[in-house]
Amino acid sequence: MKSSDRFVIRGGRRLCGEVEISGAKNAVVAILPATILADEPCVIENVPDISDVEICFRILTELGATVEQLAPHTFRVDTTGVDSCCVPYESARKMRASYYFMGALLGKFGHARVSMPGGCPLGDRPIDQHMKAFAKLGADCKLDRGMVDITSEGLCGNQIFFDVVTVGATMNAMLAAVKAEGLTIIENAAKEPHIVDLASFLNSMGADIMGAGTDTIKIRGVKYLRGTDYAVIPDQIEAGTYMVAAAATGGDVLVKNVIPKHLESIISVMEKIGVNIDQYDDSVRVSVDGPLVKTSIKTRPHPGFPTDMQPQISALLCLAEGTSMIKEGVSEQRFQYVDELRRMGADIQVDGKVAVIEGTGKLTGAPVKACDLRAGAALMIAGLAATGVTYIEDIFHIERGYSDMEGKLNALGACITKETVSNAAKAEHTQQNAV
Ligand code: EPZ
């Protein structure tokens with residue numbers, strides 16, 4: 001009998017205390033494949049304990065690398081023994097970030113064979129700009145029975161202009177270009193903190209990358225990349241998620257191990273909603289001492305309000321009296337979670353890329369299902385704020401990108417348990433609640 005895990009959340013409790021933010025998922029899923037480019041072993045610190053990292057380690061090991069845990073969140077990765085350029089379908093399909101193995105393997109060996117990526121169902125998620133970048137560097141890209149096969153006789157630096165601002169393709173272009181012959185200029189580049197983190201990691205190995213974090217990145221190819229000891233930046237989206245959870249419960253939480261500059265757009269939006277945010281060197285304190293205020297928000301590439309925070313802020317706006325509006329400016333479809341919030345009493349209308357939220361000030365617990373990583377986070381927040389009990393199924397989505405979310409929230413005063421549910425029990429439970 002197949003079973004799956006679910007969270008059971010008893011809502012209505014204020015979150016108070018301190019929470020420590022882990023390493024950034026969207027940085028580490030690029031940095032770990034990037035170790036393939038090193039000609040010596042690397043030590044990576046502040047690695048978050050999430051399932052996407054486990055998949056990265058499994059792929060690296062399948063390629064012939066050795067991964068050794070030196071301490072909690074610290075790993076030694078030796079890729080000098082990598083003897084394959086093929087990332088098996090079974091591993092690659094589970095994680096969209098498996099596409100970073102394309103750029104790393106191509107950059108190191110001149111060949112990569114990787115399955116078309118999997119990951120969160122956020123609508124159409126093409127990789128045409130990734131292929132454009134590789135082709136501009138002189139590679140030949142083919143689709144062969146669900147596998148992307150990329151070969152080159154030797155990569156040469158070139159000018160790459162992205163038709164759309166894309167995090168993944170910007171990262172992949174850097175990975176492929178760092179050992180290419182000559183100068184590569186990436187225009188219309190993404191500017192997220194994890195782009196800068198990958199560039200910093202590569203530069204700590206001896207790469208020559210300038211301008212990461214701006215829309216023009218210049219890369220001069222180098223012959224050799226030494227080993228390095230590097231700490232991943234804190235996760236801006238995990239931090240934002242706990243900030244919103246604190247506000248949604250009317251709590252008072254110190255969110256530690258953050259880079260406040262990475263949180264500027266999140267802080268700005270939350271202050272518009274009426275949340276108090278006190279900023280310190282490496283932490284922010286979140287508290288609420290009045291009603292939440294309806295607000296209109298548009299998600300944009302960094303430094304705009306991140307699309308990865310859109311579901312979470314929607315859950316918060318359900319608690320603000322009045323009409324709020326959210327316009328999704330990055331992903332194709334990122335409102336699948338709305339049906340689940342409606343089961344908890346949310347009044348949200350979606351029309352294409354716009355959601356109109358009639359804040360009612362309250363939510364009620366219900367059985368719901370996580371449909372992607374950040375949708376799952378939004379349901380956790382809604383469950384914490386709701387009266388009654390919320391059951392969240394398919395929590396594997398949440399565990400892909402949040403380390404020990406249940407433990408971190410319970411340490412702040414939440415009441416969350418994790419249950420393994422057989423399909424029969426799930427079906428019966430859903431039936432009881434179908435009416
Ligand atoms: C990365 O996805 C993140 N994933 C996503 O995080 C995040 O939502 C997204 O960036 C935006 O910040 C990882 O880093 C593993 P994009 P990615 O390439 O690379 C279009 C999370 O919640 N596009 O910046 O797929 C695309 O359709 C996850 O942590 C092309 O048209 O995002 C989208 O509309 C979910 N052609 C837009 O660009 C391409 O070749 C932005 O995509 C690539 C992208």
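Let's settle one term before starting: a residue is buried under 20% relative accessible area, exposed over 50%, and partly exposed in between, using a 1.4 Å probe and protein chains only. This is a predicted model, where local features need pLDDT of at least 70 and side-chain atom pairs count only at pLDDT 80 or more, while totals for chains, interfaces and linings use all residues. Residues are numbered from 1 along each chain as its sequence is written, and side-chain values use heavy atoms, with hydrogens and water left out.

**Exercise 1. Place L254 and describe its surroundings.**

Step 1: find the element. L254 sits in strand β15; strands are DSSP runs of E with at least two residues, helices are runs of H or I with at least four, and both are numbered from the N terminus.

Step 2: classify the residue. The relative accessible area of L254 is 21%, so this leucine is partly exposed.

Step 3: list the partners, taking contact as heavy atoms within 4.5 Å. Skip the neighbours within four places in sequence, and L254 is in contact with G17, E18, V19, Y280, S283, V284 and R285.

Step 4: check one pair by distance. L254 and S283 are 29 residues apart along the chain, and their C-alpha atoms are separated by 6.7 Å.

**Exercise 2. Look at the G17 side of that contact.**

Step 1: G17 belongs to strand β2 and, at 33% relative accessibility, is partly exposed.

Step 2: leaving out residues up to four places away in sequence, G17 touches D252, V253, L254 and L412.

Step 3: try a pair from further off. G17 and T214 are 197 residues apart in sequence, and C-alpha to C-alpha they are 36 Å apart in space.

**Exercise 3. Work through three salt bridges.**

Step 1: fix the criterion. A salt bridge needs a side-chain nitrogen of Lys or Arg within 4 Å of a carboxyl oxygen of Asp or Glu. The structure holds 19 of them.

Step 2: take R6 and E419, whose closest N and O atoms are 2.8 Å apart. This pair links distant parts of the chain, with R6 in strand β1 (residues 3-10), E419 in strand β24 (residues 416-422), and their positions 413 residues apart. R6 is buried at a relative accessible area of 10%, whereas E419 is partly exposed at 30%.

Step 3: move to K256 and E18, with 3.0 Å between the closest N and O atoms. K256 lies in strand β15 (residues 252-256) and E18 in strand β2 (residues 16-20), so the salt bridge ties together parts that are 238 residues apart in sequence. K256 is partly exposed at 29%, and E18 is partly exposed at 49%.

Step 4: now R93 and E90, which meet at 3.3 Å, N to O. R93 counts as partly exposed at 36% relative accessibility, and E90 does too at 44%. Elsewhere, salt bridges that share partners join R113, D144, R145 and D149 into one network.

**Exercise 4. Describe how helices α5 and α9 are packed.**

Step 1: start with α5 (residues 128-136), whose buried residues are Q129, H130, M131, A133 and F134.

Step 2: find what they pack against. The list is α4 (100-109), β8 (140-144), β9 (147-151), β10 (159-161) and α6 (167-177).

Step 3: go just past the end of α5, where G138 takes a positive phi of about 100°.

Step 4: repeat for α9 (residues 264-272). Here S265, I266, I267, V269 and M270 are buried, and the buried residues pack against α8 (236-248), β16 (276-279), β17 (283-287), β18 (296-298) and α10 (310-317). Just after α9, G274 has a positive phi of about 100°.

**Exercise 5. Zoom out to the whole chain.**

Step 1: count the elements. The protein chain has 15 helices and 24 strands. Its radius of gyration is 22 Å, close to the 22 Å that the globule rule gives for 435 residues, so the chain is as compact as a globular protein of that length. That radius is taken over C-alpha atoms, and the rule is 2.2 Å times the number of residues to the power 0.38.

Step 2: add the extent. Along its principal axes the C-alpha trace spans about 60 × 50 × 45 Å.

Step 3: finish with burial and contacts. Of the 435 residues, 56% count as buried. Among contacts with a separation of 6 or more, residues 24 or more positions apart account for 73%.
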